[in-house]
Amino acid sequence: GLAAFSLNERNTVMGNKCLKYFRRMKKLGSTNAPPAYFFIAALKRPTKKAFIAAIDSCTEASMPHLEAMARERYAMFLLTRNELELANSHITAAYWLYYDWGAHGKSFSLEREYPFVKAAKRTKAGSHVSSGTATKHTSVNGSVIESGKVVKRKGTFQYNSTLSRRELVKA
């Protein structure tokens, strides 16, 4: 699905099938479907709003690998619109996400392609933006880190396949 809209026009049939599948799974309450759905939708019709929705969904679902890809593709989109500063910020964030996820080959590739990334510094490990911009990142234990402060969630949603619905699970 992701590759279908990225590669060329003739793959849109497969891309649309994937988009339809993830839309259905999202409606059924799958917690893993929204990030993929929003990312594929952003590749199909690239807009700032679509990419921001994809990035936020990936962050919320704690999917750093997909968030890194979404940020990288969003940066490519921003470069076509000559928004260099914002594009560089997302490239840097994608670099750290790839690095933290363990995709060191990909992070090294970004270093070679974008030399400014080599000089990027993080304020602390796990933060994905080097310029001091506020970020929001969901950790594995369900807490949310906003601008360096940990905010606990009151609960999280879980899909109950027996009842075919989402249920609130208390933390």
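User: Let's start with Phe51: is Phe51 buried or exposed?
Analyst: Happy to look at that one. This is a predicted model, so the value comes from computed coordinates. A residue counts as buried under 20% relative accessible area. Phe51 falls below that cut-off, because its relative accessible area is 2%, and the answer is buried.

User: Which residue pairs its ring with Phe51, and what kind of aromatic pair is it?
Analyst: The two ring centres lie 5.7 Å apart, with 35° between the planes. Planes under 30 degrees apart would count as stacked and over 60 as edge-to-face. The angle here fits neither class, so the partner and the kind of pair are Phe77 and tilted.

User: Which helices do Phe51 and Phe77 lie in, and how many residues apart in sequence are the parts they tie together?
Analyst: Phe51 belongs to helix α4 (residues 48–60), while Phe77 belongs to helix α5 (residues 64–80). Phe77 counts as buried too, at 11% relative accessibility. Because the two rings sit in separate helices, α4 and α5, the pair ties together parts whose distance in sequence is 26 residues.

User: Which residue joins Phe51 and Phe77 in one aromatic cluster?
Analyst: Good follow-up. The cluster holds Phe51 and Phe77, the tilted pair from before. The remaining member is Tyr74.

User: What kind of aromatic pair do Tyr21 and Phe22 form?
Analyst: A search of the whole structure finds nine aromatic pairs. In the pair of Tyr21 and Phe22, the ring centres are 5.2 Å apart and the planes stand at 75°. Tyr21 is partly exposed at 42% relative accessible area, and Phe22 is partly exposed at 23%. Planes over 60 degrees apart count as edge-to-face, so this pair is edge-to-face.

User: How many salt bridges does the structure hold?
Analyst: Some background helps here: side chains of opposite charge can pair when their charged atoms come close. One of the bridges joins Glu83 and Lys48, at 2.8 Å from N to O. The number of salt bridges in the structure is three.

User: Where do Glu83 and Lys48 lie, and how many residues apart are they?
Analyst: Glu83 is in the loop between α5 and α6 (84–101), and Lys48 is in helix α4. Glu83 has a relative accessible area of 23% and Lys48 has 35%, so both fall in the partly exposed class. The bridge links distant parts of the chain, with a separation of 35 residues.

User: Are Glu67 and Arg71, which meet in a salt bridge, buried or exposed?
Analyst: The side chains of Glu67 and Arg71 meet at 3.0 Å, N to O. They both lie in helix α5, four residues apart, or about one turn of the helix. As for their accessibility, both are buried.

User: Which residue meets Lys106 in a salt bridge?
Analyst: The two side chains come to 3.0 Å, N to O. Lys106 sits in helix α7 (residues 104–113) and its partner in helix α5, 34 residues apart. Lys106 counts as partly exposed at 31% relative accessibility, whereas the partner is buried at 13%. That partner is Glu72.

User: What separates the C-alpha atoms of Thr92 and Glu72?
Analyst: Thr92 is found in helix α6 and counts as buried at 6% relative accessibility. Thr92 and Glu72 are 20 residues apart along the chain. Their C-alpha atoms are separated by 8.9 Å.

User: Which helix gives the most to the positive patch?
Analyst: On the surface, Lys20, Arg23, Lys27, Lys44 and Arg45 gather in a patch of positive charge. Lys20 counts as exposed, at 58% relative accessibility. With three residues, the leading contributor is helix α2.

User: What is the phi of Asn82?
Analyst: Most residues other than glycine have a negative phi. Ser62, in the loop between α4 and α5, has a positive phi of about 55° although it is not a glycine. Asn82, in the loop between α5 and α6, is exposed at 64% relative accessible area. Asn82 is not a glycine either, yet its phi is positive, at about 60°.

Note on methods:
Residues are numbered from 1 along each chain as its sequence is written. This is a predicted model: local features need pLDDT of at least 70, side-chain atom pairs count only at pLDDT 80 or more; totals for chains, interfaces and linings use all residues. Side-chain values use heavy atoms; hydrogens and water are left out. Patches are made of residues with over 30% relative accessible area and no salt bridge: like charges are joined within 9 Å, nonpolar side chains (Val, Leu, Ile, Met, Phe, Trp, Tyr) within 5 Å. Accessible areas come from the Shrake-Rupley method with a 1.4 Å probe; for residues, only the protein chains shown count as cover. A salt bridge is a side-chain nitrogen of Lys or Arg within 4 Å of a carboxyl oxygen of Asp or Glu. Lys and Arg count as positive and Asp and Glu as negative; His and the chain ends are not counted. The place of a charge is taken as NZ of Lys, CZ of Arg, CG of Asp or CD of Glu. Helices (H or I, at least four residues) and strands (E, at least two) are DSSP runs, numbered from the N terminus. Buried means under 20% relative accessible area, exposed over 50%, partly exposed in between (1.4 Å probe, protein chains only). Rings of Phe, Tyr and Trp (its six-membered ring) pair if their centres lie within 6.5 Å; planes under 30 degrees apart count as stacked, over 60 as edge-to-face and the rest as tilted.
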